[in-house]
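Let's take a friendly walk through the side-chain links of a protein model. Please keep the viewer open as you read.

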Amino acid sequence: MWIIGRGLAVCAVLVLAAGCGVEQPIAPEPAPEAAPSSVSAPVLESAPAPVVTPGAGRTGVKPPVVQHGPRDRDVVSLTFDADMTDAMAARLRSGAVSSYANLALLKLLERRKIPATFFVTGQWAEQYPQLTRRFAGNPQFEVANHSYEHAAFTAGCYTLPQLPPGAMTEDVAKTFRVLEPYGGRQTRYFRFPGLCHDKAALKALAPLGVTVVDGDVVSGDPFARGPAPIVRAVLSQVKPGSIIILHITEANAQYTDDALPKILAGLQRRGLRPVMLSEMLDGPSGG
Ligand SMILES: [Zn+2]
């Protein structure tokens with residue numbers, strides 16, 4: 001089911017007035033024609049448009065968890081995770097791996113002006129500041145949080161090392177501090193590494209006012225042996241409102257760029273248009 005949090009609901013309301021997550025200056029009222037009478041109209045101070053960050057929720061409560069968007073609009077959201085574990089960083093340093101950044105994928109998204117939401121780990125942004133700048137500098141893209149070091153927030157989350165419970169809040173807060181200076185379309189969307197979360201993990205995020213984003217279409221692009229299984233996985237699961245999980249991590253997901261054109265063609269055949277997550281969750285003016 002589509003779970004909408006208070007932050008999103010607030011956002012949906014505000015969008016009617018001001019656009020969601022988009023700073024829209026209010027155009028000044030045209031000066032009234034000089035009235036023949038001496039009675040002048042009261043001068044109304046125009047309040048600044050409220051700026052609402054997509055995904056921003058109430059602090060102090062467990063964050064909402066979103067699996068997908070509304071099923072009654074023909075839009076989907078392409079999300080790309082930028083993982084960077086300590087082990088990955090070590091492989092880069094040793095030269096065992098040359099890149100965890102799929103440049104061909106980024107160029108394809110840029111060239112075809114495909115809206116996308118990037119879930120970036122703090123360590124990936126520190127490794128690739130220029131690419132993070134390209135995410136933030138493109139009005140088709142928005143930036144979301146995928147933890148600092150892609151460690152697990154629960155036990156038994158694939159083979160990921162587990163964060164101590166006391167370190168969870170700071171891990172996510174630190175990532176916002178890394179990402180926010182890049183500007184652009186920053187969000188308060190957060191995706192758990194491996195999508196692994198439980199009550200304790202959600203509670204740890206309560207001080208941060210985030211929206212947790214899972215997804216309903218797992219592409220399986222990490223460690224896929226070619227583009228075909230990725231295309232099949234996406235197109236066999238996708239529906240209106242789907243949140244599609246892909247990766248921009250090259251060495252771990254090297255066929256994502258090869259799969260993307262066929263995924264886009266398949267979406268088009270089904271009449272599904274990719275939009276940024278905030279536009280799908282907050283309404284057409286959100287993006
Ligand atoms: Zn990940």
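What follows is a tour of some salt bridges and then of a disulfide.

Before starting, keep in mind that this is a predicted model. Its atoms give 6 salt bridges and 1 disulfide.

A good place to begin is the pair Arg191 and Asp81, whose side chains form a salt bridge with an N to O distance of 2.7 Å. Arg191 sits in the loop that runs between strand S5 (186-190) and helix H7 (199-204), while Asp81 belongs to strand S2 (residues 75-82), so this contact ties together parts that are 110 residues apart in sequence. Are these two charged residues buried or exposed? Arg191 has a relative accessibility of 1%, and because buried means under 20%, it counts as buried. Asp81, with a relative accessible area of 3%, is buried too.

Next, turn to the helices. Arg134 makes a salt bridge with Glu110, and the closest N and O atoms of this pair are 2.9 Å apart. Which elements does this pair tie together? Arg134 is part of helix H5 (residues 129-136) and Glu110 is part of helix H3 (residues 103-111), so the bridge links parts that lie 24 residues apart in sequence. As for the surroundings, Arg134 is partly exposed at 30% relative accessibility, and Glu110 is partly exposed with a relative accessible area of 24%.

Another salt bridge brings together the side chains of Arg177 and Glu170, at 2.6 Å from N to O. Here Arg177 shows 48% relative accessibility, and because the exposed class begins over 50%, it counts as partly exposed. Its partner Glu170 is also partly exposed, at 40%.

Now for the covalent link. Which cysteines are joined by a disulfide? They are Cys157 and Cys196, with an S to S distance of 2.1 Å. The link of Cys157 and Cys196 is right-handed, with 80° about the S-S bond. Cys157 lies in the loop between strand S4 (141-145) and helix H6 (168-179), and Cys196 in the loop between S5 and H7, so the disulfide ties together parts that are 39 residues apart in sequence. You have met that second loop already, since Arg191 lies between S5 and H7 as well. Cys157 is buried, with a relative accessible area of 0%, and Cys196 counts as buried at 14% relative accessibility.

To revisit the S5 to H7 loop in your viewer, select Arg191, which is bridged to Asp81, and then Cys196, which is joined to Cys157.

Key
Residues are numbered from 1 along each chain as its sequence is written. This is a predicted model: local features need pLDDT of at least 70, side-chain atom pairs count only at pLDDT 80 or more; totals for chains, interfaces and linings use all residues. Side-chain values use heavy atoms; hydrogens and water are left out. A salt bridge is a side-chain nitrogen of Lys or Arg within 4 Å of a carboxyl oxygen of Asp or Glu. Helices (H or I, at least four residues) and strands (E, at least two) are DSSP runs, numbered from the N terminus. Buried means under 20% relative accessible area, exposed over 50%, partly exposed in between (1.4 Å probe, protein chains only). A disulfide is a pair of cysteine sulfur atoms within 2.5 Å.
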